[in-house]
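User: Please take a close look at one part of this model, a single buried position and what surrounds it, and then connect that part to the rest of the chain. I would like the reasoning spelled out with care.

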Amino acid sequence: MPATEVNKDLQNERKKCTFKNEEFTVWWVGGEAKLKEKRFREKFFLGEPEFFDKVPLHFVSHKEVYEESVRKATVIFRKVKQMQEQGKDGVDNYMALLGGLLGSGIIKEGNPLGVHFVMFLPALMGHGTPEQQAEWIGKAWNCEIIGTYAQTELGHGTFIRGLETTATYDEKTKEFVLHSPSLTAYKWWPGGLGHTANYCVVIAQLYSKGKCHGIHPFIVQLRDEDTHMPLPGISIGEIGNKLGMNGVNNGFLGFKQVRIPRTNMLMKNAKLLEDGTFVKPPSSVLTYGTMMFVRVVIVRDMANYLSKAVTIATRYSCVRRQSVINPDQPEVQVIDHVTQQYKLFPAIAKSIIFKLTSDNLWDMYNQVTSELDKGDLERLPELHAIACCLKAVCTADAAQAVETCRLACGGHGYMTCSNLFGTYGMVTAACTYEGENTVLLLQTARYLLKVWTQAMKGQELVPTVQYLKSFISNKNQRQAWDDSVPGIIRGLQTVAAGKLRLAYEHIEQRKRSGYTQEEAVNLTSIELSRAADAHCRAFLVQSGYEMIEKSCTALSPELGRVVRDIYELYAYDEAVKAVGDLLRFTTLSESDVTRLQQKLEDSLAAIRPNAVGIVDSFDIPDMVLGSALGAYDGNVYERLFEEAKKSPLNQEPVNKSFHMYLKPFMKSNL
C-alpha cells in the first residue's frame, strides 16, 4: 500500500493525550534499557525480507502454512545466533520471539519450534540430573536436536494421573519399554510433534518390580537424526486443522514396545536404581514444575495478545463513524458511544493488570524455584494454586475480551485481515492447554480447602490467603462496604472467603449424610470453582493495585493519574460484575450499587481522552499487529481494499467455475 497521511480523526485523538507516550512505554516494557533492546530487536527482525508473506497465509493450504512456519522459524533462530554473535544475547530474545507480540507478528499461525524452547528445554533443566543436563541441554539449546513435550493423550488431558502410556523397567537389559496399550493412550496435541521434533520428553506411568510408581518424565528419540524417519515402534503424525495455531504442528504419538536406556528417565527428583528400586522425590508436586513455568508464561502471553486486540479495536473505533447522538450533528466516532467504551476500556485495563500480575507471578515463581533448589518446599503449594487459577481466569477473560473487541469492530472485525480472528484462535486455545480451566480452578479450590482448615485452627497463612484470617475473626462475617479500591479488594476477598466457607460447610454436611469425601467434593464442585474464581479475581485487583501504586512513585503526576484511572476502572468493573455476591457477603446497599455504577462510568470518561495514547504506548509495530483495522496510520478502508485485492479469486476477471458449472446451470432452463 502506498504511503498515506495519518487519518485525521486518529491524529486528533493523539493530540488529546494528557501524558507522554514514551514515559508510558518505558514503564510498560520495564525501563529504558529494555525498551532499547525491544526496539533494536524489532528493527533487526521486522526488516528481514524473508519474513514478508508474498500471499497472505489465509489464502494458502494447511500444508503450506506449516511449511512456511517452519521456514520462518529456522530464519528466526539463525538470526538469534547472529544477535548472540553481536553480544546481544539473553532470555528476553526468546521470550519475545516465542510470545504473543513479536513472535506472533512474524509467524501468525504459531511457531513449530515454540514447545522446544518453552517446554522441552525447561523440562530438561527442571527434571534432569547434572549429568543428563550436560548430555542434552547443549544439543537442544543449539537446535542440534528438536524436542517437544508429550503429556496429554487422546483419552486423558488435565487429569494426568489417568495417563495410559507405560514405561516398564526391564532389569535384565537396564532399559525401559515404552508402550501405548490402547488408542486412547496415544499422545495427542504436543506442539512440533507432528513433523518437526526428533526428540521428546514423554510423561508415562513408571512400572518396576511389578508396581506402578506414577507418572514420570522420560527423554525419547522419535526420529532418525539424519533422515528424520520415525524410529521402529514409533507411530507419529499431525492431528490436523484447528481453530488457530496451525503452524504449531500439533501431533500424535504412539509406542509399540519401544526400548530406551534407564538413564533416559529424567532423575533430578524421582530416581530408579539399576536393580529397579524406586526412590521417591521429596515432593510429588516437583513433577509438575514444567507446567507451572508454562502457566506463568501463559498469563503474560494473555496480556500481550489482549494488548494487540485492544490496539486494533480502539484505533478502529476512532476512525469508524456511525450513528448520531445529537440529531443536528454528523455521525460520531464509534468510540464516543459509551457502550463502545465499555467494550474497549475494561479490556485495555485487563491487558495492563494481567501484565503487571504476570510480573508479580514471575517474581514469585523465581523465588519459589530458588527455595526448591535449597530443599525448601513450603511455598510450592501456594505458587501452584495461584498459578492454576490465574491461568484459568486470565485465559477465559482474555478470550472473552478479544471476542468483545472483534464484535466492537462490527462486520470488518469478522474479516481475517483484521487479525482479531487469528488473535482469538491463539488466545482461546490457552483455555484448554496446560490444564483445562475448570479443572485448574478445582485444583486451586482443593488448596483453599486445606488452607481454610489451617485458618480455623489459627495457624499462620502464606501471603495470598492471609485475608482468610480477617474473615474468620470477623464474627459478623459481613464486611463493611467501602467503594475505594482497597475497600473493593477487601470486599472481593470477603466474597472469596464467604464462598469458601459455604463450600466447606456443604462438603461437611454431605459427608455427614453418608457421602465420601470425594463424592461430597464433586457435589460441591460448582461452589468450589466459583470460590477459586473469586479468590483469583480478588488477587488480580490487589496485585494490580499494589504494582501500580508502587510504580507511581517513579512516574510523572500526569502518567500516574492515567495508570490509576486504569486500575480504578478494573476494580469498579470487577465489583459491578460481582454485585450479587457483594450484596450477599458485605453491607453493600442499593444506593451503593448506584454509586458504584456511576464510578464505573466516570472511569470510562476519564480514560476516553487517553485511550489512543494508551494503546499507542503499548508500542506495537504494524507488522506485529498484522491488522488492516489497527494500523498506526488509521487508513482502515484503503487497507481493507488492498487486502481484498490480494485474494486469489481477484487475480482473474472470470473464475473457471463460471464456464464449468454456472453457465451450464444457467442455460439449462430448469
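Analyst: In this predicted model, V402 has a relative accessibility of 0%, and because buried means under 20% relative accessible area, V402 counts as buried. The residue is found in helix α11, which covers residues 380-408. Leaving aside residues up to four places away in sequence, V402 touches L306, A309, L420, T423, Y424 and V427. One of these partners, T423, is 21 residues from V402 along the chain, and the C-alpha atoms of the two are separated by 7.4 Å. Since an α-helix has 3.6 residues a turn, residues three or four places apart point the same way. That general spacing is a useful background when reading the numbers of the contact partners in the displayed structure.

The setting of V402 can be read against the chain as a whole. Buried residues make up 54% of the 670 residues, and V402 is one of the residues that count as buried. Of the contacts with a separation of 6 or more, 74% are between residues 24 or more positions apart. The chain has 24 helices and 11 strands. For 670 residues a compact globule would have a radius of gyration near 26 Å, and the 27 Å of the chain therefore agrees with that expectation. Along its principal axes, the C-alpha trace spans about 90 × 80 × 70 Å. The accessible surface comes to about 29,800 Å², and 54% of that surface belongs to carbon and sulfur atoms. As for charge, the mean positions of the 76 positive and 76 negative charges are 2 Å apart.

A second helical region to examine beside that of V402 is helix α2, residues 21-29, whose buried residues are F24, T25, V26, W27, W28 and V29. These buried residues pack against α3 (32-46), α10 (338-373), α17 (525-552), α18 (557-577) and α21 (611-617). The helix α2 is followed by G30, which has a positive phi near 100 degrees.

Positive phi values also turn up at residues that are not glycine, and two loop positions can be set side by side. S323 has a positive phi of about 70 degrees although it is not a glycine, and its place is the loop between α9 (289-319) and α10. With a relative accessible area of 38%, S323 is partly exposed. N249, also not a glycine, has a positive phi of about 65 degrees and lies in the loop between β7 and β8. Here the relative accessible area is 2%, so N249 is buried.

The loop that holds N249 joins two strands of an open sheet, and this sheet has three strands in the order β4-β8-β7 with antiparallel pairing. Because β4 (187-188) and β7 (234-238) each have a single partner strand, they stand at the edges, and one side of each is left without a neighbour in the sheet. Between β4 and β8 (residues 251-255) the antiparallel pairing runs over two bridges, and W188 has F252 in β8 as its bridge partner.

Another group of paired strands involves β2, residues 166-170, which is mostly covered, with four of its five residues buried. Strand β2 pairs with β3 (residues 175-179) in the antiparallel sense over five bridges, and T168 stands opposite V177 in that pairing. The two strands β2 and β3 form a hairpin with four residues between them, and K174 in the turn has a positive phi of about 60 degrees. Strand β2 also pairs with β5 (residues 199-208), here in the parallel sense over three bridges, with A167 opposite L206.

From β5 the pairing continues to β6 (residues 211-221), in the antiparallel sense and over nine bridges, where Y207 stands opposite C212. These two strands form a hairpin with two residues between them, and K209 in the turn has a positive phi of about 50 degrees.

To return to the part that was asked about, V402 is a residue of helix α11 that counts as buried at 0% relative accessibility, and its contact partners include L306, A309 and V427.

Notes:
Residues numbered from 1 in each chain as written. Predicted model: local features only at pLDDT ≥ 70, side-chain atom pairs only at ≥ 80, totals over all residues. Heavy atoms only, no water. Rg over C-alpha atoms; globule rule 2.2 N^0.38 Å. Buried < 20%, exposed > 50% of the residue type's maximum accessible area, 1.4 Å probe, protein only. Contact = heavy atoms within 4.5 Å. Areas by Shrake-Rupley, 256 points an atom, 1.4 Å probe, with all protein chains shown as cover. Lys, Arg positive; Asp, Glu negative; His and termini not counted. Charge placed at Lys NZ, Arg CZ, Asp CG, Glu CD. Pairing = 2+ DSSP bridges.
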